[in-house]
Amino acid sequence: MKVTDHIKNANGNTLFSFEIIPPVKGNSIQDLYDNIDPLMEFKPPFIDVTTSREEYIYVDKAGLYDKKITRMRPGTVGICASIKHKFNVDTIPHVICGGFTKAETEYMLIDCHYLGIDNVMALRGDAMKEEKYFIPTEDGNCYANELVTQIQNLNKGKYLHDDVQGDDGPDFCIGVAGYPEKHMEAPSLKSDLKRLKEKVDAGADYVVTQMFFDNQKFFEFVAAAKAIGINVPIIPGIKPIAVKRHLQLLPQIFSLDVPQDLVEAVENCKDNAAVREVGIEWAIQQSKELKAAGVPVLHYYSMGKSNNIKAIAKQVF
Ligand code: FAD
């Protein structure tokens, strides 16, 4: 079922959802199932599965290093299909521009449709680790709005090289990313919001936000989005801080602010077990306020570990 229909059917109640990162290759899917299982009691209508870019590895060849491209994690669509059928839940693969040609993207979307996946999250993806800024893949999409257009074309039966008409074609519901504290590359929040509007005008059906720790920033972002005509559901993304290093890493990677009260609470912790408790408590308070404000869904970044998300969900749902 489409995310937008799940939201409609909830009649104003806030839903619980979360996203997982496929584990690095070599692992068994059982670990993933074991992390998802404890969260199923909160009845997530959908679970997102992220997609990672290709990476360079350096292979030692008799003292000379050979640069090879590899993918570190198993394929998102296969994982989505497995989770969907094991837990009878909708799964949402993240489709990214970086590292994929339009033809490869089309092939991924054909797989999604064939496997009964009704929603996809359309993203540009980040730069490769070695690159300072995002370099579009040759014959790929440059920005997420182009990817949304490609998916909407497919919804109309317009494939890259032919038209296929009929009742059995894809009709994907499309999610896109939004940034309450602006995307790190955007010159201003206003221009980033205009870019978000372009994605919605291209056919995005809902928005999921980057994590934030100050709800006021989310409320202002939603108001500003509405003011420029973005009328699709906006779903807040919540990540509980789990280790002390997050205080440096999260602002560095996601270009966001951590409120001073939270910084001090984390700095006062003796160890990471205490930090985890602080992160859970902060996320509970954030979630309760957002729920009271009537957000359609609370979407949690689980990063593969479910115990802190479970502790939060128990207090909120
Ligand atoms: P875009 O919407 O394309 O925007 C990228 C930047 O370009 C912005 O600064 C925007 O203002 C600007 N821009 C947009 N259009 C134009 C234009 N036409 N001309 C000039 N500038 C423009 N990354 C992954 O690799 N895998 C994932 O699974 C993943 N999941 C995510 C899930 C969520 C909910 C979020 C919030 C992010 C996720 N990301 C993921 C990270 C995301 O890929 C990065 O933040 C990326 O840098 C931007 O992606 P986007 O889709 O927002 O890009």
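In the predicted model, Phe46 stands opposite Asp90 of strand 5. This pair belongs to the contact between strand 2, residues 46-49, and strand 5, where four bridges join the two strands in the parallel sense. Both strands are part of a closed barrel of eight strands, which follows the order 1-2-5-6-7-8-9-10 with parallel pairing. From one strand to the next, the twist averages 30°. Helix 4, formed by residues 102-114, lies across strand 5 and strand 6. The direction of helix 4 is at about 175° to that of strand 5.

Strand 3 and strand 4 are paired with each other in the antiparallel sense. Strand 3 covers residues 55-61 and strand 4 covers residues 64-70, with seven bridges between them. Within this pairing, Ile57 has Lys68 in strand 4 as its bridge partner. The two strands form a hairpin with two residues between them. In the turn of the hairpin, Ala62 has a positive phi of about 50°.

The ligand is surrounded by 23 residues. Thr51, Asp126, Tyr179, Asp192 and Lys199 are the closest of these. By residue class, the shell around the ligand consists of 10 nonpolar, seven polar and six charged residues.

Oxygen atoms of the ligand are approached by both side-chain and backbone atoms of the protein. For His183, a polar side-chain atom is placed 2.8 Å from a ligand oxygen. Ala144 contributes a backbone N or O atom at 2.9 Å from an oxygen atom of the ligand. A backbone N or O atom of Ala186 is likewise found 3.4 Å from a ligand oxygen. Taken alone, the ligand exposes 980 Å², and 87% of that area is buried by the protein. Two or more residues of the shell around the ligand come from each of strand 5 (90-96), strand 6 (119-123), helix 6 (189-201) and strand 8 (206-211). Strand 5, strand 6 and strand 8 also appear in the strand order of the closed barrel.

Notes: Residues numbered from 1 in each chain as written. Predicted model: local features only at pLDDT ≥ 70, side-chain atom pairs only at ≥ 80, totals over all residues. Heavy atoms only, no water. Near = heavy atom within 4 Å. Polar contact = N/O pair within 3.5 Å; in protein donor to acceptor, adjacent residues only side chain to side chain. Areas by Shrake-Rupley, 256 points an atom, 1.4 Å probe, with all protein chains shown as cover. Nonpolar A, V, L, I, M, F, W, Y, C, P; charged D, E, K, R; others polar. Pairing = 2+ DSSP bridges. Axes fitted to C-alpha atoms, helices over the stretch in contact; angles between N-to-C directions. Contact = heavy atoms within 4.5 Å.
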